[in-house]
Amino acid sequence: MLKDKTALVTGSTRGIGEATARALAAQGCNVMMNGFGDPDEIEAKRAQIEADSGATVRFHGADLSDEKQLDDLVDSAEAAFGGVDILVNNAVIRYFHTVDDFDRDNWRHALSVNVTAPFFLMQRVLPGMRKRGWGRLVNMASVLGMGARSGRADYVTSKTAIIGLTRAVAAETKEAPQITCNAICPGSVLTPNTEIKIGELAEAEGMDFEEAKAQYLLRRGQKTGYIDPAQIADLIAFLCQDSSKDITGTAIPIDRGRSATWLEGSDG
Ligand code: NAD
């Protein structure tokens, strides 16, 4: 259980972040949610998670590409809860361009949300974790932090960088017995964003949604089904337990063996 702990989960208005906010609150943890979306829908989710869990759940709509808003997010979490014990760097921006066509402002924007913001947020919450002698830092990477696909330069670079940053922070916290920093590398998870991409595939290739849903996975070499956001959230909750204190500096795949079997079928 995570009673009396506080978690800040970025990008928790939908998908994996929302599932994570739910899972941590279910363990008794107070949660600061963050992200974009329709204000009424966000408020309904916040209130529902709070009612279901009995934990206190707040929301702050900071745009993480803006340093002032990012600092205000941490200030608000600290003012509301007295400190941040668990930071889940989950928010993401994705552009889909080849290197040749990548707009420089989009590149800067992606790297600011996906890499710089997690760095600044960890920098902000670490002193409090050190003082209290307890902290969990969880960074959302991807199988694309361990390999590449065309048209995903911002994402591949961000997710590779966040794995490196995870190790760097783990190196600097390894003397603190109850502070850990880990990355999670999911394969394809069925989130609203994935559903949008499936819809685009269906439209581009004249398939119905179910056919495109199967094709989307097949083309990514993940043959046995989508991962549920709740499974990622459960892994994060597991990493936040006291008993997980010796797991640090890792990049944990949750991808149905996809990254372990990339060479299968090749002659290498
Ligand atoms: P999503 O696109 O559904 O949600 C992203 C969240 O980030 C939203 O809440 C959005 O509002 C928020 N966000 C975007 N820009 C922001 C900004 N500037 N400031 C604050 N919040 C911002 O994402 P998802 O599919 O649930 O993925 C969540 C995480 O898991 C990401 O880090 C992603 O890279 C990783 N991941 C997802 C998959 C997958 O298949 N969905 C696979 C591997 C890794």
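## Pockets, a cavity and a ligand in close-up

**View 1. The second largest pocket has a volume of about 300 Å³.** Its lining is made up of 16 residues, and Arg-220, Gly-221, Arg-258, Thr-261 and Trp-262 are the ones closest to the centre. Keep in mind, here and in every view below, that this is a predicted model. Sorted by class, the residues lining the second largest pocket are three nonpolar, six polar and seven charged. Where does the second largest pocket lie with respect to domain 1 and domain 2? Domain 1 (6–187 + 227–254) and domain 2 (190–226) both contribute residues to the lining, so the second largest pocket lies between them.

**View 2. The largest pocket has a volume of about 1,200 Å³.** How many residues line the largest pocket? There are 49 of them, and Arg-14, Val-92, Arg-94, Tyr-155 and Asn-193 lie nearest the centre. The lining of the largest pocket holds 20 nonpolar, 18 polar and eleven charged residues. Here, too, both domain 1 (6–187 + 227–254) and domain 2 (190–226) provide lining residues, so the largest pocket lies between the two.

**View 3. Several helices help to line the largest pocket.** At least two lining residues come from each of helix 1 (15–26), helix 4 (104–132), helix 5 (153–173) and helix 6 (192–205). Which helix gives the largest share of this lining? That is helix 6, with six residues.

**View 4. The ligand has 30 residues around it.** Those that come nearest are Thr-13, Arg-14, Asn-90, Tyr-155 and Val-189. Two of these names may look familiar: Arg-14 and Tyr-155 are also among the residues nearest the centre of the largest pocket.

**View 5. Backbone atoms of Ile-16, Leu-64 and Asn-90 lie close to polar atoms of the ligand.** Start with Ile-16, where a polar backbone atom is 2.9 Å from an oxygen atom of the ligand. At Leu-64, a backbone N or O atom is 2.9 Å from a nitrogen atom of the ligand. Asn-90 has a polar backbone atom 2.8 Å from an oxygen atom of the ligand. How much of the ligand's accessible area does the protein cover? On its own the ligand has 840 Å² of accessible area, and the protein covers 95% of this.

**View 6. One cavity of 30 Å³ or more turns up when the whole structure is searched.** The largest cavity contains about 80 Å³ of space. It is lined by 13 residues, with Asn-89, Asn-90, Ala-91, Asn-114 and Pro-118 closest to its centre. Asn-90 is worth finding again, since this residue also appears among those nearest the ligand. By class, the cavity lining has eight nonpolar, four polar and one charged residue.

**View 7. Helix 4 and helix 5 each supply at least two residues of the lining of the largest cavity.** Which of the helices supplies the largest share? Helix 4 does, with five residues. Both helix 4 and helix 5 also supply at least two residues each to the lining of the largest pocket.

Notes:
Residues numbered from 1 in each chain as written. Predicted model: local features only at pLDDT ≥ 70, side-chain atom pairs only at ≥ 80, totals over all residues. Heavy atoms only, no water. 1 Å grid on protein atoms, 1.4 Å probe; cavity = no way out; pocket = protein on both sides within 12 Å on 5 of 7 lines; lining within 4 Å. Points joined across faces, edges and corners; volume = space filled by probe spheres on them. Helix = DSSP H or I, 4+ residues; strand = E, 2+ residues; numbered from the N terminus. Nonpolar A, V, L, I, M, F, W, Y, C, P; charged D, E, K, R; others polar. Domains from an automatic or database assignment. Near = heavy atom within 4 Å. Polar contact = N/O pair within 3.5 Å; in protein donor to acceptor, adjacent residues only side chain to side chain. Areas by Shrake-Rupley, 256 points an atom, 1.4 Å probe, with all protein chains shown as cover.
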